[in-house]
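Colleague: Could you pick one helix packing contact in this model and go through it closely for me? I'd like the residues, the geometry and the surroundings in one go.

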Amino acid sequence: MIYHSLNKFNIDVTSKCLVAQGWIPTKNREEVLQALKEACVDSNAPVNTVFHQVYTSESPPTYFESSKVITAFQSVVDAYGVARYREMNPTVFTIVTFPFLFAIMFGDIGHGLLMLMFALYMVLSEKKMEKKAKNDMVEMAFGGRYLILLMSIFSIYTGFLYNEVFSIPATVFGPTKWVWNNATEAYDMPHGASPYPFGVDPIWHGTKTELTYLNSMKMKMSIVLGVIQMLLGITVSLWNYLEKPTGPQSVERDMLSITCEFIPRFLFLTCTFGYLAILILVKWFSGSKADLYLLMINMFLSPGESDCGKNCEKSDALYGLGGLAGFLVFVAFCCVPWMLFPKPFILKKRHARKQGGQEYEILGGDDGTTDGLENGGAEGGSAEEEFDFGEEMVHNMIHTIEFVLGAVSNTASYLRLWALSLAHSQLSAVFYEKCFVAALETGSAVAIVIGFYIWALATFGVLMIMESLSAFLHALRLHWVEYQNKFYEGDGYQFEPFSFVLGIKME
């Protein structure tokens with residue numbers, strides 16, 4: 001192991017010494033220097049070790065301090081790609097957004113409690129389990145124990161929102177306020193009664209309109225959550241432009257990318273599907289009877305049309321938005337050429353100025369910062385890099401088309417939250433009614449035991465294992481494709497600290 005490590009050194013024939021180069025975190029520089037001094041003293045070396053910082057243009061590796069709690073979340077991000085140097089780490093938001101999106105699809109108080117018990121067992125006995133030999137499946141689950149813990153907590157929370165315990169309506173926050181009216185043969189809300197205090201009113205469960213109501217609610221909720229997360233991704237890209245590295249010790253403010261990428265992208269998504277999300281929220285809070293399908297169709301095919309449906313009166317909160325919708329469509333269409341054309345031509349002009357000696361590179365100040373408008377901003381910013389206008393134009397065209405079409409497909413992709421939530425709820429209800437309830441109705445003790453056994457087996461095998469894995473994979477897809485592609489390149493490489501201990505373990 002020692003000779004293998006020495007082979008990584010270079011030989012300086014003139015100075016008759018070995019030279020080693022490597023990366024270290026800036027804050028650990030003094031610790032490394034102290035360790036080298038102690039090694040010289042302990043080994044009685046006649047010559048001290050020379051520690052010297054080397055300045056290079058090579059991109060440094062990526063290093064994030066982690067802990068056993070967030071390691072699983074960082075692994076989810078790193079499986080997509082390691083962040084490049086000084087790139088925004090998606091794990092900061094993934095710690096919350098990943099278990100929450102999982103819980104939207106897996107929401108149930110009972111199933112969440114079962115998962116919570118499994119996660120707590122691994123967390124509380126982690127010291128014992130670390131010493132035991134484990135197969136691949138157990139090792140994977142143990143490594144993500146804190147991720148599973150948060151997923152279970154969020155699932156319990158969304159279970160309270162849905163008011164379901166193993167598909168059974170829960171009345172944790174009291175009974176429903178709806179009262180049956182024999183005269184009209186329908187449920188009525190008494191005058192002055194308040195809505196159900198938290199979550200879905202349990203009165204909806206088992207009614208003929210249950211699926212219609214829940215489908216409408218969950219579908220709209222999926223769109224709102226999807227738009228919020230995509231806008232978050234675009235907003236995070238602003239950080240990458242404000243702190244874009246130009247070397248290990250310097251950064252620049254890439255104003256060109258901010259102006260020609262961040263602003264038009266944010267405006268385009270806000271003026272289209274952000275507008276739809278706002279319409280959904282206004283309809284929920286105002287009790288509007290507007291037809292959202294008609295509003296969105298009129299927005300693109302009949303700009304300026306104020307009609308909002310058959311049951312929508314002029315006093316409706318969403319009536320008369322034709323002018324606003326037309327203006328938003330105009331802004332969205334203007335954003336497409338804004339994203340497509342200015343940046344390649346500006347980069348071409350800057351490159352021509354540099355080739356003619358009319359512009360110089362701006363050296364970083366004491367804080368290592370420069371201004372992106374001065375030195376080239378984005379691609380092609382360095383005079384040493386070759387610039388191909390045709391390649392830049394094609395590259396920009398591909399990214400523009402990808403974003404515009406992706407705004408539609410990515411928003412539609414978030415509907416999987418609605419689909420999997422519905423599937424999970426209905427499967428749970430079918431297993432409960434056809435296995436356990438059917439056995440209870442027979443009145444036979446043997447049938448009840450067998451029915452309970454089949455129901456428990458189906459709940460564990462299908463819902464707790466297959467459905468949880470399905471929800472996990474779909475949440476993973478939403479983060480990798482719909483969310484992270486708005487700001488995350490993921491083309492860096494991991495910092496691997498030198499360690500004799502790790503080397504011995506690998507051998």
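Modeller: Let me fix one cut-off before anything else: a residue is buried if its relative accessible area is under 20%, exposed if over 50%, and partly exposed in between. Cys435 shows why the cut-off matters, because at 19% relative accessibility this cysteine still counts as buried. Keep in mind too that we're looking at a predicted model.

A bit of context, then the contact. The protein chain has 18 helices and 9 strands. Its radius of gyration is 30 Å, whereas a compact globule of 507 residues would come out near 23 Å. The C-alpha trace spans about 105 × 65 × 35 Å along the principal axes. Of the 507 residues, 39% count as buried. If you take the contacts between residues at least 6 apart in sequence, 72% of them join residues at least 24 apart.

Now the part I'd zoom in on: helix α9, residues 210-242, against helix α16, residues 416-442. Two packed helices are described by an angle and a distance, both taken between their axes. For α9 and α16 the angle is about 145 degrees and the axes are 8 Å apart. The crossing of this pair is right-handed. On the α9 side, the contact is made by Leu211, Asn215, Lys218, Met219 and Ser222. Helix α16 brings Leu417, Trp418, Ser421, Leu422, Ser425 and Gln426. Sorted by character, the contact residues of α9 and α16 come to 5 nonpolar, 5 polar and 1 charged.

From there, I'd follow Ser421, which sits in α16. Ser421 has a relative accessible area of 2%, so this serine is buried. Leaving out residues up to four places away in sequence, Ser421 touches Ile104, Met105, Tyr162 and Lys218. Lys218 is one of the α9 residues in the helix contact, while Ile104 takes us to helix α4, residues 91-106.

Ile104 is worth a stop of its own. At 2% relative accessibility, Ile104 is buried. Its contacts beyond four places in sequence are Thr158, Tyr162, Met221, Leu225, Leu417 and Ser421. Leu417 and Ser421 are both among the residues that α16 brings to its contact with α9, and Tyr162 is touched by Ser421 as well. If you'd like a distance for orientation, the C-alpha atoms of Ile104 and Ile465 are 17 Å apart, with the two positions 361 residues apart along the chain.

Since Cys435 came up at the start, here is the rest of the cysteine story. The structure holds 1 disulfide, joining Cys308 to Cys312 with an S to S distance of 1.7 Å. The torsion about that S-S bond is about -75 degrees, so the disulfide is left-handed. Cys308 is buried at 0% relative accessibility, and Cys312 is buried too, at 9%. Cys334, on the other hand, is in no disulfide: the nearest cysteine sulfur belongs to Cys335 and is 7.1 Å away. With a relative accessible area of 36%, Cys334 is partly exposed.

So, back on screen, I'd start with α9 and α16 at their angle of about 145 degrees, then step from Ser421 over to Ile104 and into α4.

Methods
Residues are numbered from 1 along each chain as its sequence is written. This is a predicted model: local features need pLDDT of at least 70, side-chain atom pairs count only at pLDDT 80 or more; totals for chains, interfaces and linings use all residues. Side-chain values use heavy atoms; hydrogens and water are left out. Axes are lines fitted to C-alpha atoms, for helices over the stretch in contact, and angles run from 0 to 180 degrees between N-to-C directions. Helices (H or I, at least four residues) and strands (E, at least two) are DSSP runs, numbered from the N terminus. A crossing is left-handed if the near helix is turned anticlockwise from the far one by less than a right angle, and right-handed if clockwise. Contact means heavy atoms within 4.5 Å. Ala, Val, Leu, Ile, Met, Phe, Trp, Tyr, Cys and Pro count as nonpolar, Asp, Glu, Lys and Arg as charged, and the others, Gly among them, as polar. A disulfide is a pair of cysteine sulfur atoms within 2.5 Å. Buried means under 20% relative accessible area, exposed over 50%, partly exposed in between (1.4 Å probe, protein chains only). The radius of gyration is taken over C-alpha atoms; the globule rule is 2.2 Å times the number of residues to the power 0.38.
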